[in-house]
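Trainee: Could we go through the terms used for this model and set each value against its cut-off?

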Amino acid sequence: MLTARAEINLNALQHNFLTLKALSPKSRLIAVIKGNAYGHDASLVAHTLQQADAFAVARIEEAVALRQAGIPQPIVLLEGCFCLEDLYLAAQHQFQPVIHHAGQLADILSATLPNPIKVWLKIDTGMHRIGVFPEQVAHYVTQLSHSPNVRDEVGFVSHFYQADELNQPTTLEQLARFINATAPFPGEKSLSNSAGVLYWSDAHFDWVRPGIALYGISPRADSTGIAEGLQPVMTLKSTLISVREHKAGESIGYGGHWIAKRDTRIGVIAMGYGDGYPRTAPAGTPVLVNGRKVPLVGRVSMDMMTVDLGPDSKDQVGDDVTLWGIGLPAEEVARHIGTIAYELVIKITGRVARHILKTG
Ligand SMILES: *Cc1c(COP(=O)(O)O)cnc(C)c1O
């Protein structure tokens, strides 16, 4: 009997893709599927999103795996190649690396690639993580555009750091810097992550790069995908494997910190930090059992977690449980745990079977 599983709703994925396309009608779309498509299965997501104009990943191994799975679209390497060998691999597979520092520029200028590749120049417009400074752009473009290893015009990318906060002036400052830095050059431009697509229509440019919104999750910690017209793609489920009588005053689980205030019934769920459910989830984190929210109690252990079903509950061994997804937004669970839904979905481990759901 299968207990811990992640149901992946491909209709919801299509719905979200079409919603994001409709929001950015003049742009082409790079579907960001790094981190195994945020835990949703990158090969499955890429095969489903056949109309995506391109894909993007963080590491070259992820891109190679997609080619091996038969994905033909362009694949952008968001942090580029980390060594010369990777650059040859990128040329062989027609990946499109981002270039964000002098070492990567030197590599592509010194290589003798079997065929030229398209590259993107990353500009730091305010995040201060990676990217060249705006005043360096001309130098990089000149060098790259004269290299026989580079085909087409050099594209431009930058990344928002606060676009999920709608009242911050920083996003407009980044946008202005991006426009100024790229204005003299003909190459294609890409700036918008999910928050950019959803909230900053002036920032869409030639290519948008949504990740989290494709999976039906809001980039805003204080919102939900559902509230923004998206549908959750992953529903994380498991099963009650025990229901026990529990006396007032008794503790439960490792450490014994949670103590029942009244006699109650405790449900034991086959789900733990070995499946990727966070061990840091505190008592009170909601879990959906037979359609009602019940609180997590006691510490999450490797293979199990416990919930307070209540003294009058009728739930039984074998009943279905939803940890997040349809009926319980991952964003809501994340708020209880003190993290963001991005981290929840991407950390689901290989022990959890991905089940394809396709309705209608
Ligand atoms: C991860 C990532 C994205 C997608 O961000 P979301 O917030 O998931 O939409 C876009 N661009 C870059 C450079 C990224 O690293």
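Mentor: What follows takes two backbone angles and then the ligand.

Mentor: This is a predicted model, in which local features need pLDDT of at least 70 and side-chain atom pairs count only at pLDDT 80 or more, while totals for chains, interfaces and linings use all residues. Residues are numbered from 1 along each chain as its sequence is written, and side-chain values use heavy atoms, with hydrogens and water left out.

Trainee: Why is Ala 37 called buried?

Mentor: Buried means under 20% relative accessible area, exposed over 50% and partly exposed in between, with a 1.4 Å probe and protein chains only; Ala 37 has 0%, and is therefore buried.

Trainee: Why is Gln 94 called partly exposed?

Mentor: Its relative accessible area is 28%, so Gln 94 counts as partly exposed.

Trainee: What makes the phi of Ala 37 worth noting?

Mentor: Most residues other than glycine have a negative phi, whereas phi of Ala 37 is near 55°, a positive value. Gln 94, not a glycine either, has a positive phi of about 55°.

Trainee: Why is the approach of Tyr 38 to the ligand called a polar contact?

Mentor: A polar contact is a pair of N or O atoms within 3.5 Å; within protein, one must be able to donate a hydrogen and the other to accept it, and residues adjacent in sequence count only if both atoms are side-chain atoms. An oxygen atom of the ligand is 2.5 Å from an N or O atom in the Tyr 38 side chain, so the pair qualifies. A ligand nitrogen atom is 3.5 Å from an N or O atom in the side chain of His 159.
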